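Grab a coffee and work through these exercises with the model open beside you. Each one sets a task and then walks through a solution.

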Amino acid sequence: MKQINAMMAGTVVEVLVAKGDAITDGQDVIIIESMKMQLPITAEVSGQVSEIKVAAGDFVNEGDVLMVLN
């Protein structure tokens, strides 16, 4: 099981993938707003999305699990 974690605290603006999607290393998967900047969260591994733990509008802290991959 692989995970994608938040690199910083902020508010989720948009989730760019859905459960079941195949993603590749380097693909943007979530947009977070922090300090009035929108920043992409990029996958560091490839896999298939098995669970999305956040939705637009959620606040996340640095290190929180955003997504689980198979």
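## Exercise 1: The sheet with S6

Start from one pair: Ala22 has Gln48 in S6 as its bridge partner. This is a predicted model, where local features need pLDDT of at least 70, side-chain atom pairs count only at pLDDT 80 or more, and totals for chains, interfaces and linings use all residues. Residues are numbered from 1 along each chain as its sequence is written, and side-chain values use heavy atoms, with hydrogens and water left out.

**Task.** Work out the strand order of the sheet that holds S6, and say which strands stand at the edges.

**Solution.**

Step 1. Sort out the terms. Strands (E, at least two residues) and helices (H or I, at least four) are DSSP runs numbered from the N terminus, and two strands pair if DSSP finds at least two bridges between them.

Step 2. Go from S3 to S6: they run antiparallel and are joined by 2 bridges.

Step 3. Carry on from S6 to strand S8 (residues 65-69), again antiparallel, this time over 3 bridges. Here Glu51 stands opposite Val68 in S8.

Step 4. Put the whole sheet together: 4 strands in the order S1-S8-S6-S3, open, with antiparallel pairing. Strand S1 (2-5) and strand S3 (22-23) are the edges; each has a single partner strand, so one side of each has no neighbour in the sheet.

A reminder on what holds such pairs: strands of a sheet pair through backbone hydrogen bonds, either parallel or antiparallel.

## Exercise 2: The other sheet

**Task.** Find the order of the sheet that contains S2, and name its edge strands.

**Solution.**

Step 1. Look at strand S2 (residues 10-15) and S7: 2 bridges join them, and they run antiparallel. Across this pair, Gly10 stands opposite Val60 in S7.

Step 2. Extend to the full order, S5-S4-S2-S7, an open sheet of 4 strands with antiparallel pairing. Strand S5 (37-42) and S7 are the edge strands, each pairing on one side only.

## Exercise 3: Three residues to inspect

**Task.** Are Ser34, Gly57 and Asp64 buried, exposed or partly exposed, and what do they touch?

**Solution.**

Step 1. Take Ser34, which lies in strand S4 (residues 28-34). Its relative accessible area is 11%, so Ser34 counts as buried (buried is under 20%, exposed over 50%, partly exposed in between, with a 1.4 Å probe and protein chains only). Setting aside neighbours within four places in sequence, Ser34 is in contact (heavy atoms within 4.5 Å) with Met8, Ala9, Gly10 and Leu39. The Ser34 side chain also reaches the backbone oxygen of Ala9 at 3.0 Å.

Step 2. Move to Gly57, in the loop between strand S6 (47-52) and strand S7 (59-60). At 56% relative accessible area, Gly57 is exposed. Not counting residues up to four places away in sequence, Gly57 touches Thr11 and Val12. Gly57 and Gly10 are 47 residues apart along the chain, and their C-alpha atoms are separated by 9.7 Å.

Step 3. Finish with Asp64, in the loop between S7 and S8. Asp64 has a relative accessible area of 30%, so Asp64 is partly exposed. Beyond the neighbours within four places in sequence, Asp64 is in contact with Ile4, Asn5 and Ala6. Its side chain reaches the backbone nitrogen of Asn61 at 2.8 Å. Asp64 and Ala9 lie 55 residues apart in sequence, with 8.7 Å between their C-alpha atoms.

## Exercise 4: The whole chain

**Task.** How many helices and strands are there, and what is the radius of gyration?

**Solution.**

Step 1. Count the elements: 0 helices and 8 strands.

Step 2. Check the size. For 70 residues, a compact globule would have a radius of gyration near 11 Å, and the protein agrees with its 11 Å (taken over C-alpha atoms; the globule rule is 2.2 Å times the number of residues to the power 0.38). The C-alpha atoms fill a box of roughly 30 × 20 × 20 Å along the principal axes.

Step 3. Add burial and contacts. Buried residues are 30% of the 70. Of the contacts with a separation of 6 or more, 55% are between residues 24 or more positions apart.

Conventions:
Polar contact = N/O pair within 3.5 Å; in protein donor to acceptor, adjacent residues only side chain to side chain.
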